[in-house]
Amino acid sequence: TADADGTFYVAWIGSHDGPAGRGLGVARSTDFGATWEQSQLVDTSSCACCWNRMVTPRAGAVRVLYRDHGIRDMALASTSDAGTNWTLNGTVGAFNWEFSGCPHVGGGLAVARDNAGVEQLHALVWTGHDKRHGLYWVRSGDAGITWTAPKRMGGELARHADLGAAGQTVLAAWDEARSIWVSVSRNLGDQWSEPRPISSEDMVASHPIVIHTGEAFRVFWTERDQAGLLFWRSQRLAHQ
């Protein structure tokens, strides 16, 4: 991702000698990617396969959503000084899911703003907890220090998900029962529209990605036909 000053940031899952054998690495570039500063080991313990999501609410501020090790809840790492120092904000959703493997499920992260212009951080997180299994939305108005109570999104099979935001509008997308589903909130997540599918019924669709283009949202996903061939698909979704 890149912030408003043009500083580029990249986050990844890296191998090292810590307790999990994997950790959250981050690096930055101040010359548009021509060179990169020495990487930082932000968290010495992370899940080995679940992908990360990054957002930059303003210049110098970066939020990274990743899955932790041990307790396999999603977690948040933040910087407010362009990556000089990082803070581990703890779990996102706090399901206390103990699991010794990797679920291969990342999350979604987006930034909206309230009427006062305050950053409202939105996340979609999946948990395999036996009593709370499923996909959940949460919001934070204090840069990830505290979160709202998790709200269930979709049904039992809702899994891979992503988010996009513009103003007070938030769009959530996920895969469930071989289709891509979307739901929209126009008041920062206080109410959500009835989920609806946007992918073809004769395809197996999964792994949506949500992008805000400045004029609308666009959702990308992969589809597999009956012959097993894979395709990228996308659909434009207007704000209204």
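Buried, in what follows, means under 20% relative accessible area. With that word fixed, I can start. This is a predicted model, so please hear every value as computed from it.

I'll begin with the charged pairs. The structure holds 7 salt bridges. One of them is between the side chains of Asp162 and Arg53, at 3.3 Å from N to O. Where do Asp162 and Arg53 lie? Asp162 is in strand β12, residues 161-166, and Arg53 is in strand β4, residues 53-58, so this salt bridge ties together parts that are 109 residues apart in sequence. Asp162 and Arg53 are both buried.

Next, Arg63 and Glu119. Their salt bridge has its closest N and O atoms 3.2 Å apart. This pair also links distant parts of the chain: Arg63 belongs to strand β5, residues 61-67, Glu119 belongs to strand β9, residues 119-127, and 56 residues separate them. Buried or exposed, in the case of Arg63? Arg63 has a relative accessible area of 2%, so it counts as buried. Glu119 comes out at 8%, and is therefore buried too.

A further salt bridge joins Glu156 to Arg152, with 3.3 Å between the closest N and O atoms. Here the accessibility is 47% for Glu156, so that residue is classed as partly exposed. Arg152, at 33%, is likewise partly exposed. To finish with the salt bridges, which residues are joined into one network through shared partners? They are Arg58, Arg63 and Glu119.

Now the rings. A pair of aromatic rings is described by the distance of the centres and the angle of the planes. There are 5 aromatic pairs in the structure. Among them is Trp97 with Phe99, which is stacked, with 5.0 Å from centre to centre and 10° between the planes. Trp97 has a relative accessible area of 8%, so it is buried. Phe99 is at 35%, which means it counts as partly exposed.

Trp137 and Trp192 make another pair. Their ring centres are 5.7 Å apart and their planes stand at 70°; because edge-to-face applies to angles over 60 degrees, the pair is edge-to-face. It connects distant parts of the chain, with Trp137 in strand β10, residues 134-140, and Trp192 in the loop between β14 and β15, 55 residues apart. Both Trp137 and Trp192 are buried.

Back to Trp97 and Phe99 for a moment: ring pairs link them with Trp126 into a cluster. Trp126 has a charged partner as well, since Arg159 lies over its face at 4.3 Å from the ring centre. A second arrangement of this kind has Arg132 over the face of Tyr136, at 5.8 Å from the ring centre.

Last, one residue by itself: Glu223. Glu223 sits in strand β17, residues 216-224. Its relative accessible area is 2%, so Glu223 is buried. Which side chains make polar contacts with the side chain of Glu223? Trp221 does, at 2.9 Å, and Arg233 does, at 3.1 Å. If we set aside neighbours within four places in sequence, the residues in contact with Glu223 include Ser199, Ser200, Met203, Val204 and Ala205. Leu229, Leu230, Phe231 and Arg233 are also in contact with Glu223. Arg233 therefore turns up twice, as a contact and as a polar partner of the buried Glu223.

That is the end of my part.

Notes:
Residues numbered from 1 in each chain as written. Predicted model: local features only at pLDDT ≥ 70, side-chain atom pairs only at ≥ 80, totals over all residues. Heavy atoms only, no water. Helix = DSSP H or I, 4+ residues; strand = E, 2+ residues; numbered from the N terminus. Buried < 20%, exposed > 50% of the residue type's maximum accessible area, 1.4 Å probe, protein only. Polar contact = N/O pair within 3.5 Å; in protein donor to acceptor, adjacent residues only side chain to side chain. Contact = heavy atoms within 4.5 Å. Phe/Tyr/Trp six-rings, centres within 6.5 Å; stacked < 30°, edge-to-face > 60°. Lys NZ or Arg CZ within 6 Å of the ring centre and 35° of its normal. Salt bridge = Lys/Arg side-chain N within 4 Å of Asp/Glu carboxyl O.
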